[in-house]
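I opened the model to look up a surface patch, a polar residue in a loop and the nonpolar core. My entries follow in that order.

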Amino acid sequence: MTSRLARYRNVPELTAMFRRTADVRTREDLALTVPALKGGRPGVEVVPASAGLVDYVQTLVARAEDVRSRRVEPDEDNMLKITGDGRHAALDLRLVGHEPDPTGGKLEAAARRIAAIHRDTRHLTYVDDSGQPSPRAGGFQIVFCDLSTPRGDGSWSAYDELKRRLIVHGIPAAEIAFIHDAKHDEARARLFARCRNGHIAVLIGSTEK
């Protein structure tokens, strides 16, 4: 058995204890300047499900019914496994051992969107920390993907597939980087410097990294 925190009690008292040692400042307190969202809200791009994904979801429904009816043991199948398989399948069917969407699915849609932004911003000039125009023009994008991170063992990953598709859409391979390739603080500092000076156009990483 593993215990975990489920809820707080006496929240006002907990807050008072926290504020004895912490100084909390909001964005308004600090007068931070942050970029406005284009259109005022996050954009959502809906990718239609392929026939293969629809068929696979039906197998998840059947598995869930087996779990609810206790026709399988928890160590054989459970809702956590089912939802995990569903998340992986929604990204790319290859993650659950099936043939991929022939249209490219979400990875192709993401690659098209990223490449379009790259083309639209490659003429823009930004200033460096000293206020001088950067010698390299073009925008910089951070792409988040929490599933199928690269393992470095040659196995298929969504990261490698996305990079391949970005290259097909015209972004040079040398301008695409994975945060996972920076193994320590010094390597990350070098990578971030290349992102700031325009040598990296697209950085792909997970939320945790």
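I began at the surface, where Leu5, Tyr8, Val11 and Leu14 form a nonpolar patch with about 410 Å² of accessible area together. Patches take residues with over 30% relative accessible area and no salt bridge (a side-chain nitrogen of Lys or Arg within 4 Å of a carboxyl oxygen of Asp or Glu), and nonpolar side chains are joined within 5 Å; accessible areas come from the Shrake-Rupley method with a 1.4 Å probe.

I noted that this is a predicted model, in which local features need pLDDT of at least 70 and side-chain atom pairs count only at pLDDT 80 or more, while totals for chains, interfaces and linings use all residues. Residues are numbered from 1 along each chain as its sequence is written, and side-chain values use heavy atoms, without hydrogens and water.

I placed Tyr8 in the segment before helix 1 (11–21), helices being DSSP runs of H or I with at least four residues. Tyr8 counts as exposed because its relative accessibility is 55%, the cut-off being over 50%, with buried under 20%.

I then turned to Asp77, in the loop between helix 3 (51–68) and helix 4 (79–91), which counts as buried at 11% relative accessibility. Leaving aside neighbours within four places in sequence, I found Asp77 in contact (heavy atoms within 4.5 Å) with Arg63, Val67, Val72 and Ile82.

Last, I looked up Ile171, which is among the residues with the most contacts inside the largest nonpolar core, a set of 18 residues. Such a core joins buried Ala, Val, Leu, Ile, Met, Phe, Trp, Tyr and Cys residues through side-chain atoms within 4.5 Å.

Methods: Helix = DSSP H or I, 4+ residues; strand = E, 2+ residues; numbered from the N terminus. Buried < 20%, exposed > 50% of the residue type's maximum accessible area, 1.4 Å probe, protein only. Patch = residues over 30% accessible without salt bridge, like charges linked within 9 Å, V, L, I, M, F, W, Y side chains within 5 Å.
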